[in-house]
Number of protein chains: 2
Amino acid sequence: MKNTNPPPESAPSADRILETALAFQASKTLLSAVEVGVFTELARKPADVHELRERLGLHPRGARDFFDALVALGFLRREDGVYHNTPESEAHLDRAKPGYGHVAPMLEMAGSRLFGIWNRLSDALRTGLSQDESKDRDEDTYDALYADPDRLRTFLSSMTGISHRANLRIARQVPWEDYTTMADMGTAQGDLAVQVLLANPGLSGTGFDLPQAEPVFTEYAERHGLTDRLGFTGGDFFTDPFPRADVLTFGHILHNWGLERKKVLLRKAWEALPQGGAVVVYDTLIDDDRSENAFALLMSLNMLAVTDGGFGYTGHECQEWMREAGFDRTWTEHLVGPDSIVVGVKE
Amino acid sequence: MKNTNPPPESAPSADRILETALAFQASKTLLSAVEVGVFTELARKPADVHELRERLGLHPRGARDFFDALVALGFLRREDGVYHNTPESEAHLDRAKPGYGHVAPMLEMAGSRLFGIWNRLSDALRTGLSQDESKDRDEDTYDALYADPDRLRTFLSSMTGISHRANLRIARQVPWEDYTTMADMGTAQGDLAVQVLLANPGLSGTGFDLPQAEPVFTEYAERHGLTDRLGFTGGDFFTDPFPRADVLTFGHILHNWGLERKKVLLRKAWEALPQGGAVVVYDTLIDDDRSENAFALLMSLNMLAVTDGGFGYTGHECQEWMREAGFDRTWTEHLVGPDSIVVGVKE
């Protein structure tokens, strides 16, 4: 009479399935904590459950569970009933500290925008269409974003946050001593150019982005004492000419666009570079076997869900596109974490 | 001129923050894979990217990234371009196998309902109100659920999935040899009663739930050859009398309700039990210090977001409510994973 339901004890455990399936709960708890300002309030002053709840304007029903979940997840600690930030949340999640700019703006964007878009992932997979339903969204994902100064500032600084560690590597890993000028295409706040110039005093450069990015870029360059060697060029890299430079860098840019636009950018780079010049593409590359870098593959699904044609790619694919664009020598190098660079030299 | 932005290399790493913050992407990828039927199709027949995509009705744009992300996450494997289930996904995520009933219905519910509700977690925290915006939702969360036979079957079997391991423990850990009858309150598919009776041949029992649950319960009892010792009692445990039994069990029930209703159930249990009888409450208990069992604290936030008054609780709290209801001797025992039981004896 008995069938195999429930499974024999020897069946593979479902623990990892359940853990992954429900991981969105811990994820959203942290994103909400950033959104409502838990870490910023506790950095101002540690507080017990009642005071913290009142300062944040939260309802009594869920507040204690919310704070204690953050304790159990390791993002807060509680001592004699008083909540404190951990060193990790204090350094990165307090809006009043400069460290907030590195990852928290990315978390704000994930909580306010990406999580809801990912809720429609199945629709994106069935239709191939972006699921970004923002009212102000039009043909070009970036037009709306760049039109709102607050959203733009958040977006640009979040780009610094997700690329800073890799930027530090690029500043040392590329043979910059062979060159005298560089231009960072889609520069955002400019952290890649800033790190490259800080590490290479003989180099001067420009950041290229839509004109609206200039104030944020200039402030960042000034803050790092680089205004004498680092300028800004406003423009649209699909319709305007590229700046002249020995090296053109594209950091987390190509994955935003469809295949044709990716190739247009690489071709324009080849045309703009002098002989001996190089293009340096840096992205969260999918591994060539497409079986290991989960972060990069999920980032590519993110591009499916939030852009009209964007997708991630492997180093091998990018080198093919570079050679098609005219580059003679190309290679891929791992940087740090999930990030790599692809280099193309015009000989 | 340089300020502390970007942070010194010695600052605590933000890796864990980013990992948790973005974990919703892996989560939703797995939930979508269950929804669109990836594992069921591959169990029928392994397939390459084109065939699998066509069989599932997915658009070419994201399909390969989707499948390869599942490879990188360890839920599929790919060999010479052909995708196969892993033993884990084959056992638990193929709709045609009985093992699907254990966790996958819970995943279906998470993907179709919970993920979207959790997107509004901040609103739940600010207002204390359920964020379940289902059109058919009315005063009582369970009325709508129980009115739709398909949703009900999925819900009831998902309850088996999340409690089966603990049910096997309860069947051995409670001194059932001291008793001759048991009633499982809010029994759903009946797995707790089934496991207790299978392990204790001297015992007979009844499953108590809303009348709509009877067909699903009876089928499950028959399948385990228990119809001679296991019956069903239909009713509403707030308005109808409790069945007579030496032991009353409440598995994953109390967390669905607000404090007053929790206490009503325990008081009614005390009144219905004979002298020497016991109530066994089993739930994903929050640890008494409220600082370790993240799963239980997140489950409590889930109750905030999906029910009108439900919340998780500690063993200590539950024992207090039991003593208030009249129970003389109470204790808490850990079961397995995040689950524990609280026992109250009427002496």
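Colleague: Val71(A), buried or exposed?
Modeller: Val71(A) counts as buried, because its relative accessibility is 12% and the cut-off for buried is under 20%. Bear in mind that this is a predicted model.

Colleague: Which helix is Val71(A) found in?
Modeller: Helix α5 of chain A, which covers residues 60–72.

Colleague: And what is Val71(A) in contact with, leaving aside neighbours within four places in sequence?
Modeller: From chain A there are Leu76(A), Arg77(A), Arg78(A) and Tyr83(A), and Ser291(B) comes from chain B.

Colleague: How many Å apart are Val71(A) and Thr86(A) in space?
Modeller: Their C-alpha atoms are 9.2 Å apart, with the two positions 15 residues apart in sequence terms.

Colleague: Staying in chain A, why is strand β4 called largely enclosed?
Modeller: Strand β4(A) spans residues 181–185, and four of its five residues are buried, so the rest of the structure largely encloses it.

Colleague: In which sense do β4(A) and β5 of chain A pair, parallel or antiparallel?
Modeller: Parallel, over five bridges, with β5(A) at residues 204–209. Thr181(A) is the residue opposite Ser204(A) in β5(A).

Colleague: Over to chain B. What is the order of the seven strands in the open sheet?
Modeller: The order is β6-β5-β4-β7-β8-β10-β9, and the pairing is mixed. At the edges sit β6 (230–234) and β9 (329–336) of chain B, each paired on one side only. From one strand to the next the twist averages 20 degrees.

Colleague: What lies across β7 and β8 of chain B?
Modeller: Helix α13(B), residues 259–272, at about 160 degrees to β7(B). Helix α11(B), residues 191–199, lies across β4, β5, β6, β7 and β8 of chain B, and runs at about 160 degrees to β4(B).

Colleague: How many bridges join β9(B) to β10 of chain B?
Modeller: Seven, and the two strands run antiparallel, with β10(B) at residues 339–345. Within that pairing, Arg329(B) has Val345(B) as its bridge partner.

Colleague: Where is the place of Ser340(B)?
Modeller: Ser340(B) is in strand β10 of chain B. Ser340(B) is buried, because its relative accessible area is 10% and buried means under 20%. Not counting residues up to four places away in sequence, Ser340(B) touches eight listed residues, among them Val281(B), Tyr282(B), Thr332(B) and His334(B).

Colleague: What about the hairpin of β2(B) and β3(B): how many residues lie between the strands?
Modeller: Two residues, and Asp80(B) in that hairpin takes a positive phi near 50 degrees. The strands, β2(B) at 76–79 and β3(B) at 82–85, pair antiparallel over four bridges. Glu79(B) stands opposite Val82(B).

Colleague: Last topic, empty space. How many cavities of 30 Å³ or more does the structure hold?
Modeller: Three. The second largest holds about 50 Å³ of space.

Colleague: Which residues line the second largest cavity?
Modeller: Both chains take part: Met106(A), Phe295(A), Met299(A) and Asn302(A), along with Leu22(B) and Gln25(B). Helix α14(A), residues 294–306, gives the most to that lining, with three residues.

Colleague: By class, how many polar, nonpolar and charged residues are in that lining?
Modeller: Four are nonpolar, two are polar, and none is charged.

Technical notes:
Residues are numbered from 1 along each chain as its sequence is written. Chains are lettered from A and ligands numbered from 1 in the order in which they are written. This is a predicted model: local features need pLDDT of at least 70, side-chain atom pairs count only at pLDDT 80 or more; totals for chains, interfaces and linings use all residues. Side-chain values use heavy atoms; hydrogens and water are left out. Two strands pair if DSSP finds at least two bridges between them. Axes are lines fitted to C-alpha atoms, for helices over the stretch in contact, and angles run from 0 to 180 degrees between N-to-C directions. Contact means heavy atoms within 4.5 Å. On a 1 Å grid over the protein atoms alone, a cavity is a set of points where a 1.4 Å probe fits but cannot get out, and a pocket is an open set with protein on both sides within 12 Å along at least five of seven lines; lining residues have an atom within 4 Å of a point. Grid points are joined across faces, edges and corners, and a volume is the space filled by probe spheres set on the points. Ala, Val, Leu, Ile, Met, Phe, Trp, Tyr, Cys and Pro count as nonpolar, Asp, Glu, Lys and Arg as charged, and the others, Gly among them, as polar. Buried means under 20% relative accessible area, exposed over 50%, partly exposed in between (1.4 Å probe, protein chains only).
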